[in-house]
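Reader: I am new to this structure and should like to learn how its features are read. May we go through them in turn?

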Amino acid sequence: MNLFQKNEFKETPFLPVSPEEVPPRPPSFPKKPSPKICGSNYPLSIVFIVVNEFCERFSYYGMKAVLTLYFLYFLHWSEDTSTSVYHAFSSLCYFTPILGAAIADSWLGKFKVLSMVGLSLIALGTGGIKPCVAAFGGDQFEEKHAEERTRYFSVFYLSINAGSLISTFVTPMLRGDVQCFGKDCYALAFGVPGLLMVIALVVFAMGSKIYRKPPPEGNIVTQVVRCIWFAISNRLKNRSADIPKREHWLDWAAEKYPRQLIMDVKALTRVLFLYIPLPMFWALLDQQGSRWTLQATRMNGNLGFFVLQPDQMQVLNPFLVLIFIPLFDLVIYPLVSKCGINFTSLRKMAVGMILACLAFAVAATVEIKINEMAPPQPDSQEIFLQVLNLADNEVKVTVLGDENNSLLAESVKSFQKMPHYSKLHLKTKSQNFHFQLKYHNLSVYTEHSVEEKKWYTLIIREDGKSISSMMVKDEENKTTNGMTAMRFVNTLHEELNISLGTDTSLGVEEDYGVSAYRTVQRGEYSAVPCRTKNEDFSLNLGLLDFGAAYLFVITNSTGQGPQAWKMEYIPANKMSIAWQLPQYALVTAGEVMFSVTGLEFSYSQAPSSMKSVLQAAWLLTVAVGNIIVLIVAQFSSLVQWAEFILFSCLLLVVCLIFSIMGYYYVPIKLEDIQGSADKQIPQIQGNMINLETKKTKL
């Protein structure tokens, strides 16, 4: 018997050597017509899917909107740690879709994963929802309605951003405007998104009877991995020059796996290869909720007609998406087409990358301007010092040492507001300074210890007929993260308790006691309740602005009751938060061109058995992008504006690589995959390779 007889084409599918490893394909789901929306070609079932996605995205983005500031203000983590944990969480949410896709395609199907897993456990549920919901919506359309299916993905993305728009605007208001136990109400800010998840479950279940539910098609992820592994190992075992080459490296899996699976994996790997550069885009896009929010805390949110909290600035992204999607679909893309430009999906994605590069270049420019407006910081072996004279007459302050220099050219008047800090140089990291205080005809000498890189206030007070002084350390962080910092000096002769809307009152000792710092939200504080042992009264603190730090001196020298003398020693944020609008507009335009196009591209290029797998791979690029940000945040020593430039340049390089890869990519149609499976692939009999008619030894 000639083992190398010429291969005869057969219509029957090729059976694997080990049938138990590759389960037979189940029959395709019934092609019964589903109810349509108002006589159109859009299935009624997508209404439930889109509403479900709106509620689920409201929950997800509403929780993420306050997450960074929750870490920063409530848990008191640093900016880098808050950024790292934020992106670690985002990365985990986009890693779990691989597990969800495997379960959906191989066991439960997309519908059951959405309802049983995705909406039951939020953490793992994100992995169950993300790879399934978009593809499940696409499954509701018949192949002849491909144009409507393409439009569905735009509507689907609109629902995502509608949920995000409302949640990123409302959730920060629930956090800041509502008090829970005397503090910002994070419980309510996280609880409302949780309620929306319950609504999402109910809405999705309501459409159960009208969904087209494609059955699971075996453990597809395992099949793909084993098919690729067998092709590679089989090729390595048959490296002899006498063995004929095969058209594609995956054809070396033909000894064990069916033709259709091999063709599906070929289509899958071609798209996965294009996905390699994509994580860098997501590394930039997802910083809206971390680095850009932190940038907003150093800006002034007062727009005149409305006051924006730093975490509310994220609302611009979904708001602009709702505008840009119809603008691009109905105006820009048709105009480009009329100009004779073939604006393919891959070209749209490349342009989206370029727009994101420009957005981060603008963000770097804004960051530089913020730094220019910020107060200077003391360097090594330097301190900043200001004098606060609470005596009843002017005082001349002189620093004694190698050079007897006056801090100020003129004497410090009683309750004089100092225009700026004075810089003093140290000989070591810590040092004792000797001061001479001239008051009336008296000269008082005092000594105080200071440390480098700190801010201090020398408070001068009456002490009988003489004066004395005390050195207090001021707020070290000159950018108070968008909050207002304050402290109090109590000149009364009894202890004072001040209620600032927190769960406990702020206590200030009598006779020039100095309180600890407290941070509050920006706003008008016209009647702050105060209490001493003998009386209750209120203080008018006025407007406490974004990023400012204030010192209040409580006195009772006018006969009109205790009053607060106010001094702003850290100026409020000067740069308007509106300057973030250009970077949000650029990155959102890039997102519309990149993400919406990528969703539809992933579905159109995916074999029918692997749509959820390819959707999960698309989401996996988001996870990798967040890991990139996490690594940079933890290990980069760059200043913020330089970090923005770094990300912009990296994405520009990646965009060039992606453009070259896309130039050589030929989009496929589903019928091409099916048709190619009927072509001749070298087959076997038993465990022998059928290598056409050429007689060679294995």
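Author: Certainly. This is a predicted model, and its surface offers a suitable start: Glu 495, Glu 509, Glu 510 and Asp 511 gather there in a patch of negative charge.

Reader: Where does Glu 509 lie, and is Glu 509 buried or exposed?

Author: Glu 509 is found in the loop between β13 (506-508) and β14 (513-514). A residue counts as exposed when its relative accessible area is over 50%. Glu 509 has a value of 58%, and is therefore exposed.

Reader: Which residues form a nonpolar patch on the surface?

Author: Leu 195, Val 198, Ile 199, Val 202 and Met 206 form that patch, and together they have about 460 Å² of accessible area. One of them, Leu 195, belongs to helix α8 (residues 186-206).

Reader: How is the span of helix α17 to be read?

Author: One compares an expected span, reckoned at 1.5 Å a residue, with the distance between the end C-alpha atoms. Helix α17 has 24 residues (640-663) and should span 34 Å; its end C-alpha atoms are 35 Å apart, which agrees.

Reader: Which residues of α17 are buried?

Author: Buried means under 20% relative accessible area. The buried residues of α17 include Phe 644, Phe 647, Leu 651, Val 654 and Phe 658.

Reader: What may be said of Leu 652?

Author: Leu 652 is also placed in helix α17. Its relative accessible area is 44%, so Leu 652 is partly exposed. Leu 652 and Phe 281 are 371 residues apart along the chain, and their C-alpha atoms are separated by 9.6 Å.

Note on methods. Residues are numbered from 1 along each chain as its sequence is written. This is a predicted model: local features need pLDDT of at least 70, side-chain atom pairs count only at pLDDT 80 or more; totals for chains, interfaces and linings use all residues. Side-chain values use heavy atoms; hydrogens and water are left out. Helices (H or I, at least four residues) and strands (E, at least two) are DSSP runs, numbered from the N terminus. The expected span of a helix is 1.5 Å times one less than its number of residues. Buried means under 20% relative accessible area, exposed over 50%, partly exposed in between (1.4 Å probe, protein chains only). Patches are made of residues with over 30% relative accessible area and no salt bridge: like charges are joined within 9 Å, nonpolar side chains (Val, Leu, Ile, Met, Phe, Trp, Tyr) within 5 Å. Accessible areas come from the Shrake-Rupley method with a 1.4 Å probe; for residues, only the protein chains shown count as cover. A salt bridge is a side-chain nitrogen of Lys or Arg within 4 Å of a carboxyl oxygen of Asp or Glu. Lys and Arg count as positive and Asp and Glu as negative; His and the chain ends are not counted. The place of a charge is taken as NZ of Lys, CZ of Arg, CG of Asp or CD of Glu.
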